[in-house]
Amino acid sequence: MTKASKRVVDYIVDILWKENIRVAFGVPGGAINPLYDAMSKDGKIKHILARHVEGASHMAEGYSRASKSSIGLCLGTSGPGATDMITGLYSAYADSVPILCITGQVNSSDQYKEAFQSVDIVSIAKPVTKFSIQIECADLAPSYFQKAFWLMRSGRPGPVLIDIPIDIQNTKIFYDIDSYEPLEIHYPKVSKKQLDKIFKLLEEAKKPIIVAGGGVVSSNSFDNLNKLAIQTNIPVSPTLMGKGCLPDNHKNIIGMIGTQIYSGCANTKFNEADLIIGLGNRWANRHTGNISSYIEKKKFIHVDIEPTQIGRVIAPELGIVSDVKYFLSELIKFIDKKRKESGNTSLLSWESWLKECQNLKKESEEKRAISIKSLELLDKNITLDILFDYIETYMPKKVLYVTSIGHTQIAASKSLSVNNPKAWINCGQAGPLGWTLPAAIGAKLANKNDILVVGISGDYDFQFMIEELAVAAQYKLGYIHFIVNNTYLGLIRQDQLKYGTEYEVYLGFHN
């Protein structure tokens, strides 16, 4: 075993590289500068200088979500440099996205003495991370990073924060870096007994629907979902986080079910369904609306990698803790086996039910096209439907859409077709203003030459972190950003009007 004496930060850079970190987003500062020094001397990890640490954290999330194999890294100094990351950590945590945030901290001897820019960031970050730790012993630094990467990738993915005092960063230790290996990830798996139960529920079903959530996307289960959908002819409805799980023009896709974000076809057919199979979804309130109405006259199967998701919102007839990709693979094989044993090749196939859904989807799309054409002929202001119809018409086939919250997200998700895996990136649960622009920059860096990145914002979301445009220009990360001029702040004004008032929402000039 060969051990060498180096600073903790030098080993950290080696470990980041071994864990497939190739890009870091951040803003340097006194308490994180030792790590920056190590990165500069090593020279392998590309650094993107953000204009705001929150922007850097959103870039890291956009990068993680668009990347095929790498995790986004965000760096910040102590005090406000660390607290500025919290919104980014919350967004990543809410949507199950792995990002690593490393913060510098004042010297160990200065902590808890109200030193300049000293804050207990570990305690602040705990509610919005899978793991939040300060390294207090230099020799444990490599082990903590190994654990952090393992946790980010294990189970339901999510962010981690590691806080490192300046003196710990600069401490020299002996460590055998050649022996470092990323920890193997172990996934929970569906059992034979559970497959038997699923089969019985499917046998009883007349009108099943698959609700495909973000877990399908994060587990890269696109091919397996496609095989099951074709094998069984079960209609598939993606959630907002699951959009792109199958191409929107796929014969099994019926649109999104929901209260805010939905298609008429999907909602109509959901009301007729008798069995709902949830894959890697969380039954979020914008999807379900009133729970008692949502579950009426239906049975539920819920598959998720995180045990505490089962029963959190809906108590299913069958809850299965399993990696979605493995679950789909095993179910496909199980159905094939049952078909061979019975001699019935159409066993568990709902062709006529799927045809019903396809016909209604086609009818709905034709009505929408006529409606948009009518609005265009009126020659008045461009509506969101008209705008997104134009975007749909003139954008190339390979597009990655990035959008945040409000009317623009709702209209875009209903109108824009996503026909490539990981080509729809939006913040589903947290919805922080300003997220779109930096997330689009991160997504572009992860797909620099492969795909056109298109950001879509309301005017306030765009202005919230507009300084990050300088980052796109500096690093030549060209992408297209559509800004919807809704001047009255869309949903916020709508909400205020129900109270009979409008307060500080107008961004334009009154005549």
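Reader: In this predicted model, how many bridges join strand β14 to β15, and in which sense do the two run?

Author: Strand β14, covering residues 399-403, is joined to β15 by three bridges, and the two strands run parallel. One such position can be inspected directly: Thr403 has Asn426 in β15 as its bridge partner.

Reader: In what order do the strands of that sheet lie?

Author: The order is β15-β14-β16-β17, four strands that form an open sheet with parallel pairing. At the edges stand β15 (424-426) and β17 (480-484), each of which pairs on one side only. On average, neighbouring strands of this sheet are turned by 20° against each other, direction ignored.

Reader: Which helix packs on this sheet, and what angle does its direction make with that of β16?

Author: Helix α18, residues 407-415, packs there and touches β14, β15, β16 (452-458) and β17. The direction of α18 makes about 135° with that of β16.

Reader: How many strands form the open sheet that contains β9, and in what order?

Author: Five strands form that open sheet, in the order β10-β9-β11-β12-β13, and the pairing is parallel. Its edge strands are β10 (236-238) and β13 (318-321), each pairing on one side only. From one strand to the next, the twist averages 15°. Strand β9 (residues 208-212) is joined to β10 by three bridges, the two running parallel. Within this pairing, Ile210 stands opposite Val236 in β10.

Reader: Which strands does helix α9 lie across, and which does helix α15 lie across?

Author: Helix α9 (residues 192-204) lies across β11 (275-279), β12 (299-304) and β13, and runs at about 140° to β13. Helix α15 (residues 324-342) also lies across β11, β12 and β13, running at about 135° to β11.

Reader: Is Glu330 of helix α15 buried or exposed?

Author: Burial is judged from relative accessible area, and buried means under 20%. Glu330, which lies in helix α15, has a relative accessible area of 18% and is therefore buried. Leaving aside residues up to four places away in sequence, Glu330 touches Val190 and Leu195.

Reader: Why is strand β4 described as largely enclosed?

Author: The description follows because five of the five residues of β4 (residues 72-76) are buried. Gly72, Cys74 and Gly76 point one way from the strand, Leu73 and Leu75 point the other way, and all are buried.

Reader: Which strands pair with β4, and over how many bridges?

Author: Strand β2 (residues 23-26) pairs with β4 in the parallel sense over three bridges; there, Gly26 has Leu75 as its bridge partner. Strand β5 (residues 99-105) is joined to β4 by five bridges and also runs parallel to β4. In that pairing, Gly76 has Thr103 of β5 as its partner.

Reader: Which residues of helix α5 are buried, and what covers them?

Author: In α5 (residues 86-94), the residues Ile86, Gly88, Leu89, Ser91, Ala92 and Ala94 are buried. Their cover includes α3, α4 (80-83), β5, α6 (121-125) and β7 (160-165). Just after the helix, Ser96 takes a positive phi of about 60°.

Reader: How many aromatic pairs does the structure hold, and how is a pair described?

Author: A pair of aromatic rings is described by the distance of the centres and the angle of the planes. The structure holds nine aromatic pairs. For Phe25 and Tyr63, the centres are 5.8 Å apart and the planes stand at 65°, so the pair is edge-to-face. Phe25 lies in strand β2 and Tyr63 in helix α3 (residues 53-66), so the pair ties together parts 38 residues apart in sequence. Phe25 is buried at 0% relative accessibility, and Tyr63 is buried with a relative accessible area of 7%.

Reader: What kind of pair do Phe270 and Tyr294 form?

Author: Their pair is tilted, with 4.5 Å centre to centre and 35° between the planes. Phe270 belongs to helix α12 (residues 264-272) and Tyr294 to helix α14 (residues 291-295), so that distant parts of the chain, 24 residues apart, are linked. Both Phe270 and Tyr294 are buried. Together with Trp283 and Phe300, they form one aromatic cluster.

Reader: Where does the charged end of Lys189 sit?

Author: The charged end of Lys189 sits over the ring of Tyr326, 4.9 Å from its centre. Another lysine, Lys338, lies over the face of Phe199, at 5.2 Å from the ring centre.

Methods. Residues numbered from 1 in each chain as written. Predicted model: local features only at pLDDT ≥ 70, side-chain atom pairs only at ≥ 80, totals over all residues. Heavy atoms only, no water. Pairing = 2+ DSSP bridges. Axes fitted to C-alpha atoms, helices over the stretch in contact; angles between N-to-C directions. Contact = heavy atoms within 4.5 Å. Buried < 20%, exposed > 50% of the residue type's maximum accessible area, 1.4 Å probe, protein only. Phe/Tyr/Trp six-rings, centres within 6.5 Å; stacked < 30°, edge-to-face > 60°. Lys NZ or Arg CZ within 6 Å of the ring centre and 35° of its normal.
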